[in-house]
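Welcome! Open your viewer, bring up the model, and let's walk through it one selection at a time.

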Amino acid sequence: MFSGYSNFSEGVDTAFAIITGISLFFLIGITAIIISFIFKYNKKKNPVASEIEGSTKLEIIWTIIPLILVLFMFWIGWRSYTPERKVPADAMKIKVTAQMWSWRFEYENGKVEDTLFVPVNKAVVLNMVSLDVIHSLYIPAFRIKTDVVPGTDNYMWFKSLVTGSYDLFCAEYCGLRHSYMGTTVEVADQATFDKWYAATPPKIDSTVSAKPGFKGKLLTEQKGCIACHSSDGTKIVGPSYKGIFGHKVTVETNGKDREIMVDEAYLKKSILEANADVVKGFPKGSMPDYKAQLSEQDVNDIIEYIKTLGEEK
Ligand SMILES: [Cu+2]
């Protein structure tokens, strides 16, 4: 019998069915009794109100039975939840980094992807960190969801049972482009996975990689800058990189507006101390702090890239 797409599907679905069943039973039962009482105790049939004494026996019954029912529902949930927190020792480790607004999956051999690739029938543990706000990794088909909280390491494990492609979402509203944190889990058989895992990323043509700004462009993709900055003039969350270099921009510094020339020094400061000069018309504090994530060389590469976009205009 089909028991779901992951080792947790069955437990969660069973708990869901049982709890829904019990709830439906009471919903229908109580509604039926209410309706029958409306007729039975109608004023026309009972013109004089009668005094009803309390019943200890009834009270005990309607305390004990629901108590047993709720404890049973708790146990059903607990039974399927506890295995989710016990990671098998041989689980394949994948480091997950959540950031506004992208997922990053890093494998033990250094492979980095924005889609989660896993082998079928193999335990996989996701060790999750957030660089900014609370995100939540949710794979509906696998019936698993866990919050990724900044400052706290969290984890989640699963074993997928059927090859295929499944949705993966962020289930915690994390800002303007929250909905962009949708990607997929690609479950492949072991041989296909091994081939993918061993493959080095496609060699970058040296004539392309020698182009000015190439490394910087790659960095803006890897570091998630593209979630907020476009290169074609479109305003997303932050200003576009297009045509800013060598032009004047109005920024707010310590609460005062001033015109400033976009040069290397300004760009460097904008990247490393995003909130020192805030571009007019954009909210302060929306750009994350990148100091710990970018080396001096990275920043120079990104500046080189932004310069190439300035000249195109
Ligand atoms: Cu998110």
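Start with the whole protein chain in cartoon view: its secondary structure comes to 7 helices and 13 strands (DSSP runs numbered from the N terminus, with helices being H or I of at least four residues and strands E of at least two). The radius of gyration is 29 Å, well over the 20 Å that the globule rule gives for 313 residues, so the chain is more spread out than a compact globule (the radius is taken over C-alpha atoms, and the rule is 2.2 Å times the number of residues to the power 0.38).

Before zooming in, note that this is a predicted model, where local features need pLDDT of at least 70, side-chain atom pairs count only at pLDDT 80 or more, and totals for chains, interfaces and linings use all residues. Residues are numbered from 1 along each chain as its sequence is written.

Next, colour three selections: domain 1 (9-85), domain 2 (92-198) and domain 3 (206-312), with bounds from an automatic or database domain assignment. The centres of domain 2 and domain 3, taken over C-alpha atoms, are 29 Å apart. Their contact takes 9 residues from domain 2 and 4 residues from domain 3 (C-beta atoms, placed from the backbone, within 7 Å).

Now select helix α1 (residues 9-40) and helix α2 (residues 56-85), whose axes come within 8 Å and cross at roughly 165° (lines fitted to C-alpha atoms over the stretch in contact, with angles from 0 to 180 degrees between N-to-C directions). The two helices are therefore roughly antiparallel (angles over 145 degrees).

Finally, show side chains where α1 meets α2: G11, V12 and A15 are among the α1 residues, and L69, M73 and I76 are among those of α2.

Conventions. Contact = placed C-beta atoms within 7 Å. Parallel < 35°, antiparallel > 145°, perpendicular 65-115°, else oblique.
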